[in-house]
Amino acid sequence: MITRRLLGATALLPFATPALAQWQPTRPIRVLVGFAPGGGTDITTRTIGAKLQTLLGQPIVVENRPGAGGNLASEATVNAPADGSALMMGTIASLVMNPLMVRLPFDVLTDLTAIGRSVEVTNFLVVAPEKPWRTLPELIAAAKARPGTLSYGSSGVGGAGHLGGALLDSMAGIETIHVPYRGGGQLITDILSGKVDYSIATAATVLPHIEAGRLRALAVPSPRRSALLPEVPTVAEAAGLPGYEVANWYAMMGPRGLPRPIVDRVNAALNEAMRDPDVASNLAKHGLEPAPSTPEELTGFIRAETAKWRPIIERAGANAN
């Protein structure tokens with residue numbers, strides 16, 4: 001059983017992958033998560049971490065450092081020793097969006113070391129069933145009728161939920177209030193209670209509540225419908241907003257100067273963990289799809305995502321609020 005802070009140690013298994021024989025950790029490995037427990041990043045890290053500890057032969061300590069849209073965890077990783085004892089599960093918020101919206105004391109691509117992508121994330125736009133809107137056009141109509149009064153919550157500044165709401169404002173011609181939280185778990189509590197009107201949140205946090213009837217899914221902010229809830233339309237088709245798309249993903253990073261043997265070993269273990277049928281099955285239940293990569297592919301992916309989102313952020317007027 002994975003605890004909130006520590007995954008129990010397991011014996012080192014033999015490895016077929018050459019990279020797995022290059023570096024052997026000699027103490028527990030901390031993996032920093034920039035959000036509170038219970039959200040998609042936290043669930044992903046703990047699910048993969050259970051297999052990683054077997055492959056790496058050391059306990060995986062999942063350390064939640066919520067705040068500033070993941071920037072606190074990023075800065076802690078930047079300042080960690082480059083010996084493999086501290087890594088980070090980064091997000092689109094901490095690795096792409098925040099650097100575009102906030103002046104940070106570090107550079108993602110030079111002060112962090114790319115290790116590999118972990119998963120692509122399914123999100124849903126949800127409201128509490130007590131809210132009067134049964135479709136996305138109804139919600140948009142209400143926002144247009146009362147500019148500046150409806151609120152949407154997100155798991156933090158710069159995340160997919162934040163950008164999804166800002167992009168909806170821009171493309172639908174509405175004005176709403178962004179309410180950032182320190183993680184998906186806290187966000188869901190306030191959506192369920194009706195303190196915020198709607199949210200674009202990860203399937204990992206909202207799917208159980210949708211299935212139990214405690215939340216209503218109005219749309220998927222992706223180019224295609226989700227196999228998890230195929231009856232739920234995309235934002236583009238529901239609201240007549242072609243081109244609307246907000247991707248979400250997580251990736252493993254390390255401190256600057258992390259030696260290549262450590263990078264290769266962790267990358268190989270990360271990719272092998274995601275190939276494990278039990279891990280993949282557990283991730284799929286939360287709308288998380290393995291998306292392995294090499295370190296070089298991750299670096300190129302972060303650059304491409306930054307180039308893609310820069311004009312969108314500027315056009316949407318999104319900032320760190």
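In this predicted model, the count of salt bridges comes to 11. Three of these pairs are set out below.

| Salt bridge | N to O distance | Location of the partners |
|---|---|---|
| Arg30 and Glu63 | 3.3 Å | strand β1 (residues 29-33) and strand β2 (residues 60-64) |
| Asp197 and Lys131 | 2.9 Å | loop between α7 (184-193) and β8; loop between β5 (123-127) and α5 (136-145) |
| Glu237 and Arg225 | 2.7 Å | helix α9 (residues 235-239); loop between β9 and α9 |

The side chains of Arg30 and Glu63 form a salt bridge, and this pair links distant parts of the chain, with the two positions 33 residues apart in sequence numbering. The two partners can be described by their accessibility. Arg30 has a relative accessible area of 27% and is therefore partly exposed. Glu63, at 9% relative accessibility, counts as buried, because buried means under 20%.

The salt bridge between Asp197 and Lys131 joins two loops. Asp197 lies between α7 and β8, and Lys131 lies between β5 and α5, so the pair ties together parts of the chain that are 66 residues apart in sequence. Both Asp197 and Lys131 are buried.

In the third pair, Glu237 belongs to helix α9 and Arg225 to the loop between β9 and α9, so parts 12 residues apart in sequence are tied together. Glu237 is partly exposed, with a relative accessible area of 44%, and Arg225 is likewise partly exposed, at 41%. Elsewhere, salt bridges with shared partners join Arg30, Glu63 and Arg65 into one network.

**Strand β3 and its partners**

Strand β1, which carries Arg30, also pairs with strand β3: the two run parallel and are joined by 4 bridges. Within this pairing, Leu32 has Met88 of β3 as its bridge partner. Strand β3 is also joined by 4 bridges to strand β10 (residues 249-255), and here the strands run antiparallel. Met89 stands opposite Met252 of β10 in that pairing. Strands of a sheet pair through backbone hydrogen bonds, in either the parallel or the antiparallel sense.

The burial of β3 (residues 86-91) extends over its length: 6 of its 6 residues are buried, so the strand is largely enclosed by the rest of the structure. In a regular strand, side chains alternate between the two faces of the sheet. Both faces of β3 are covered, with Ala86, Met88 and Gly90 buried on one side and Leu87, Met89 and Thr91 buried on the other.

**The five-stranded sheet**

An open sheet of 5 strands follows the order β7-β6-β8-β5-β9, and its pairing is mixed. Strands β7 (177-180) and β9 (216-219) stand at the edges; each has a single partner strand, so one side of each lacks a neighbour in the sheet. On average, neighbouring strands are turned by 35 degrees against each other when direction is ignored. Within the sheet, β6 (residues 151-154) and β8 (residues 198-202) pair in the parallel sense over 2 bridges. Tyr152 has Tyr198 of β8 as its bridge partner.

**Surroundings of Thr122**

Thr122 is placed in the loop between β4 (112-121) and β5. At 17% relative accessibility, Thr122 counts as buried, because the limit for this class is under 20%. Leaving aside residues up to four places away in sequence, Thr122 touches Ala201, Thr202, Ala203, Ser226, Leu228 and Gly287.

**Helix α1 and its contacts**

Thr202 is also one of the residues touched by Gly40; the others are Ala204, Thr205 and Tyr250, again leaving aside residues up to four places away in sequence. Gly40 lies in helix α1 (residues 40-56) and counts as buried, at 5% relative accessibility. The C-alpha atoms of Gly40 and Leu288 are separated by 8.4 Å, although these residues are 248 residues apart along the chain.

Helix α1 also meets helix α11 (residues 277-284): their axes come within 10 Å and cross at roughly 170 degrees. The helices are therefore roughly antiparallel, since angles over 145 degrees count as such. On the α1 side the contact is made by Thr44, Thr47, Ile48 and Lys51, and on the α11 side by Val279, Asn282 and Leu283. By class, this contact comprises 3 nonpolar, 3 polar and 1 charged residues.

Methods:
Residues are numbered from 1 along each chain as its sequence is written. This is a predicted model: local features need pLDDT of at least 70, side-chain atom pairs count only at pLDDT 80 or more; totals for chains, interfaces and linings use all residues. Side-chain values use heavy atoms; hydrogens and water are left out. Two strands pair if DSSP finds at least two bridges between them. Axes are lines fitted to C-alpha atoms, for helices over the stretch in contact, and angles run from 0 to 180 degrees between N-to-C directions. Buried means under 20% relative accessible area, exposed over 50%, partly exposed in between (1.4 Å probe, protein chains only). Contact means heavy atoms within 4.5 Å. Angles under 35 degrees count as roughly parallel, over 145 as roughly antiparallel, 65 to 115 as roughly perpendicular and the rest as oblique. Ala, Val, Leu, Ile, Met, Phe, Trp, Tyr, Cys and Pro count as nonpolar, Asp, Glu, Lys and Arg as charged, and the others, Gly among them, as polar. A salt bridge is a side-chain nitrogen of Lys or Arg within 4 Å of a carboxyl oxygen of Asp or Glu.
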